[in-house]
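Subject: Structure handover

Hello,

Here is the structure you will be taking over. My notes follow below it.

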Amino acid sequence: MFEACADPKSIEGLTWYLCYFTSAKHVDFYWSFLTVLLLLAITAPAALGMGFMGATAARSHIAPVSWLGKIYIWMVRGVPDIIFFLFFVIALDQVIEYSKSLVVCESHAWPWQGLEFRVCPEAKVPLGKSAAFWHQAYGFMLAVVTFAIVFGAFVANVIYGAMQAVPRAQLETAEAYGMSRRQVFRRILVPQMWIYALPGLGNLWMILIKATPLLFLLGVRDIVYYARELGGSKTQAYEYPHGDWRLWYFLGLLVFYLIFTRISEIGIGKLTARLSHGQATAGGEALRRAGA
Amino acid sequence: MSMTCWETIQAYSLRSIGIGENLLPRSDFTICQQFTLIGSGLIWNLYFGILALVFGFFLANAVALARTARNPLIRKPAEWFVFVFRGSPLFIQFFLAYEALVLLPKEFMLFGVEINTSWTTRAWAGALLVLFLNTAAYSAEIFHGALKSIPKGDLEAAEAYGLTGWKKFIRIEWPTMLRLGWPAYTNEAIFLFHATTLVYFSGFPAFAQKGDALYYANYFADKTFNPFIPYPIVAFYFILLTLAVTFIYGRVNRRLNRHLPSNSRMKIRLRPNLIR
């Protein structure tokens, strides 16, 4: 990056560290923090959407739809989520490739043969000859879908509870005003449920942040991957030889997560105060008194 | 070389602790093999979960009390302990602990006694330490919250009876804290068991292929390229484990609430708290 860094073996002290921390691999490391943020930015709304649909389905008056919603909610309970993460990443990949093979392949043989999952080369996703970038992007996409499915179930659980928590009288009043079921849902239930859902959703957001290192298990080059790569001891064959520094890299990651969760906690506190405004809850009442 | 299911169970049911057949199955995988080996791995999940919970319970009580202390020299470290372990991913804590334990000097002399530290990098010790500290932090937060929500009237009644200090704590505050915190603590126990599946995926190596339930499920999924059998099996085992934990903690909960009329007892509700 800098001219002084052209020959790392001849420099030392502060310059060495400056060059070390701006090496190409480190720049990749810094970008991988963006991968984590990108995952959060895509997953959080996706999981919220999945959760909203799940909760709405669970409340449906049509029995099969309601069962589907409830099974989805109960699915993730009782089973460690890491199992879902490991399962979905392979299962989704195989389902996608099998579905594609039905369209593009000539033979439609059952793909699970003996110890292999075999589809014709044209059905591979991404294709074997694709650039490395597409393999990474596909892996990331699978991870996002997996996160959205698993966290969607948790969000659905929270939102379902929140919808139940909205006082019945509010809904009955709306019905007395002649609103249809759809109108009651849109105008009364949804706006009021957020304050009941917020503690649960805030908790889930913190858990989502803390689940992001699992990207590493899903084969994405995330911050854990780089911390292990960069921290491992480097012999003289490398440009910047050093001992085993993984401890320091992981300490850095720990501090990153602590700061991130702390900021989130403060943000959620502020949001709770805002949403409590005008609500028929203890928090809302306290705000009203303070204002009056 | 085909074995009956009974022979498979004899060969592999204790494989995770190094008893029985040494070689894992390599081809012609049967459902029986998968059920047996994954079940065998569950021994480690039970080991980590039970020991971490038992030891963690005591530390959690101490930390929860320390958090209520007026002296900042006692309160601050407890607050930081809870903040660090609840604010960071367990996954990173495992990695960090492993790297730190590896860097410990292998042998050193303390008061003339030679101390060997290499065992601390093994999962049974190192991962257990992390899980113990982690659950202590989460439980301490639960107990601290429970301590703060003890009804004022109960404490005033205790004082009216002349109970003060330690006596008031051990007879009134502590049992009430346990009673109020127990439903949340039940969830903590369930999700601690779930968290034990992270051990062999986070730096701690499995020696001689001795791992937990998920380790073997992952082994089968890798070998057969078929995730649709081993992962549902391990999920099935964990549903059973969750039911067992709920049952045992429910019995304790009943005992803690035995003096109350049935309509004012604390109910246990399962709340999701997945990855920590």
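B:Leu14 touches B:Ile19, B:Gly20 and B:Ser40, leaving aside residues up to four places away in sequence. This is a predicted model, so please read everything here in that light. B:Leu14 sits in a loop of chain B, between helix 1 (5–12) and helix 2 (31–67). Is B:Leu14 buried or exposed? Neither label fits: B:Leu14 counts as partly exposed, because it has 15 C-beta neighbours inside 10 Å, and buried would take 20 or more. Another pair to look at is B:Leu14 and B:Gly39. They are 25 residues apart along the chain, and their C-alpha atoms are separated by 8.9 Å.

Next, the hairpin in chain B. Strand 1 (residues 107–110) and strand 2 (residues 113–116) of chain B pair over four bridges, in the antiparallel sense. Within that pairing, B:Phe108 stands opposite B:Ile115 of strand 2 of chain B. Two residues lie between the strands of this hairpin in chain B. B:Phe111 is in the turn and has a positive phi, about 50 degrees.

Then helix 8 of chain B, residues 213–224. Helix 8 has twelve residues. From first C-alpha to last it reaches 17 Å, close to the 16 Å expected at 1.5 Å a residue. How many of the twelve residues of helix 8 of chain B are buried? Nine are, and the helix is mostly covered. Here is the list for helix 8 of chain B:

- Aromatic names in the buried set: B:Tyr215, B:Tyr216, B:Tyr219 and B:Phe220.
- The others in the buried set: B:Ala213, B:Leu214, B:Ala217, B:Asn218 and B:Ala221.

What covers the buried residues of helix 8 of chain B? The cover includes helix 2 and helix 9 (230–256) of chain B, together with helix 4 of chain A. Right after helix 8 of chain B comes B:Phe225, with a positive phi near 55 degrees.

Now the contact between the chains. In chain A, 34 residues are in contact with 37 residues of chain B. On the chain A side, the elements giving two or more residues are helix 4 (81–104), strand 2 (116–117), helix 5 (132–165), helix 7 (181–211) and helix 9 (246–275) of chain A. Which of the elements of chain A gives the most to the side that touches chain B? Helix 9 of chain A does, with ten residues. By type, the chain A side divides into 25 nonpolar, three polar and six charged residues.

A residue from helix 5 of chain A is worth a line. A:Ala137 lies in that helix. A:Ala137 is partly exposed, as 14 other C-beta atoms lie within 10 Å. A:Pro126 is eleven residues from A:Ala137 in sequence, and the two are 9.4 Å apart in space, C-alpha to C-alpha.

Last, chain A as a whole. Chain A has ten helices and two strands. The order along the sequence is α-α-α-α-β-β-α-α-α-α-α-α. The radius of gyration of chain A is 25 Å, well over the 19 Å that the globule rule gives for 292 residues, so chain A is more spread out than a compact globule. Its C-alpha trace spans about 80 × 65 × 30 Å along the principal axes. Of the 292 residues of chain A, 28% count as buried. Take the contacts in chain A between residues at least 6 apart in sequence: 62% of these join residues at least 24 apart.

Over to you.

Best wishes

Conventions: Residues are numbered from 1 along each chain as its sequence is written. Chains are lettered from A and ligands numbered from 1 in the order in which they are written. This is a predicted model: local features need pLDDT of at least 70, side-chain atom pairs count only at pLDDT 80 or more; totals for chains, interfaces and linings use all residues. The radius of gyration is taken over C-alpha atoms; the globule rule is 2.2 Å times the number of residues to the power 0.38. Two residues are in contact if their C-beta atoms, placed from the backbone, lie within 7 Å. Two strands pair if DSSP finds at least two bridges between them. Ala, Val, Leu, Ile, Met, Phe, Trp, Tyr, Cys and Pro count as nonpolar, Asp, Glu, Lys and Arg as charged, and the others, Gly among them, as polar. The expected span of a helix is 1.5 Å times one less than its number of residues.
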